[in-house]
Amino acid sequence: MAIIRHNYEGQLDELIKDLRRLGLRVYRNIDLGLQSLSIDDRNFARRAIAKDSEINELETEINEKVILLITKQQPVASDLRLMMAALKIASNFERIGDNAASIADIRLRAKITDTYVLKRLTTMGKLALLMLTDLKEAVKNNDLLLIKEIIERDNDIDDLYKNIINTSYLIDNDPFVAGQAHLAARHLERIGDHIGDISENIYYYLTGTRYENYNN
């Protein structure tokens, strides 16, 4: 029985490690997608798009591991909470990967040279990357206050998104480029939303309480 329990705990540890690996790959692809917007070489964007498949594969592996754990083990409530959170977190990471690849794909269609817009797109991306970096530390230290702060920081990304789409002048004097810039901003806004969702699921795993009940 002790050996079985030891193996089970090892599987849970592996699940957590997989989520961390997935988070790292997503972090790198956000950075790649963001950089591709301002780099002349379109092959850079193509490499960023290609890496999305690695994220998809790891998400699939995590889903399969969770299903096997649930069907072959009899997880207690806290372990089951971890498994359910892992499924949702992996799904959000996968969607972030899609958004990052879509940003790189925009570079294949258009080159955004407007300094005002590029600066704001870059700021949105850096805010998202900082959210992920701080979330890693928050999980490491079980810092619920920092997790709460990270969730609320998504509002800063939303504000920049509204600023870009409400820009009154025509970006780069080209309606197509303007549309692509707005689309890039939308993908970055969605990345912020997904990181917020991940943070809420981590909060639920650590506390057993939904984040919306935090102040109730």
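Visitor: Which side chain meets D18 in a salt bridge?
Guide: This is a predicted model, where local features need pLDDT of at least 70 and side-chain atom pairs count only at pLDDT 80 or more, while totals for chains, interfaces and linings use all residues. Residues are numbered from 1 along each chain as its sequence is written, and side-chain values use heavy atoms, with hydrogens and water left out. A salt bridge here needs a side-chain nitrogen of Lys or Arg within 4 Å of a carboxyl oxygen of Asp or Glu. With 2.5 Å from N to O, the partner of D18 is K65.

Visitor: How many residues apart are D18 and K65?
Guide: Helices are DSSP runs (H or I, at least four residues), numbered from the N terminus. D18 sits in helix α1, residues 2-36, while K65 belongs to helix α3, residues 52-72. The pair therefore ties distant parts of the chain together, its separation being 47 residues.

Visitor: Is D18 buried or exposed?
Guide: The cut-offs are under 20% relative accessible area for buried, over 50% for exposed, and partly exposed in between (1.4 Å probe, protein chains only). Its partner K65, at 31%, is partly exposed. D18 has a relative accessible area of just 1%, so it counts as buried.

Visitor: Which residue is linked with D18 and K65 in a network of salt bridges?
Guide: The D18 and K65 pair doesn't stand alone, as it belongs to a network of salt bridges. The other member of that network is R21.

Visitor: What separates K148 and E152 along helix α6?
Guide: Their side chains meet in a salt bridge, at 2.9 Å from N to O. Both residues lie in helix α6, which covers residues 144-165. They are four residues apart there, so the separation comes to about one helical turn.

Visitor: Why does E152 count as partly exposed?
Guide: Start with the other end of the bridge: K148 is buried, because its relative accessible area is 15%. E152 lands in the middle class because its relative accessibility is 39%.

Visitor: How far apart are the closest N and O atoms of R190 and D193?
Guide: These two sit in helix α7, residues 175-207. They are three residues apart, so about one helical turn lies between them. They form a salt bridge, and the closest N and O atoms are separated by 2.8 Å.

Visitor: Is D193 buried or exposed?
Guide: R190 comes out as partly exposed, because its relative accessibility is 27%. D193 has a relative accessible area of 17%, so it counts as buried.

Visitor: How many salt bridges does the count come to?
Guide: You've now met a few of them, including K148 with E152 and R190 with D193. Going by the same rule throughout, the count is ten.

Visitor: How many helices are there in the protein chain?
Guide: Reading from the N terminus, the elements go α-α-α-α-α-α-α. Strands number zero. That leaves the helix count, which is seven.

Visitor: What does the C-alpha trace span along its principal axes?
Guide: The protein chain has 216 residues, and 44% of them count as buried. Laid along its principal axes, the C-alpha trace of that chain covers about 70 × 40 × 25 Å.

Visitor: Among contacts between residues at least 6 apart in sequence, what percentage join residues at least 24 apart?
Guide: A contact means heavy atoms within 4.5 Å. Take those in the protein chain between residues at least 6 apart in sequence, and the share joining residues at least 24 apart is 82%.
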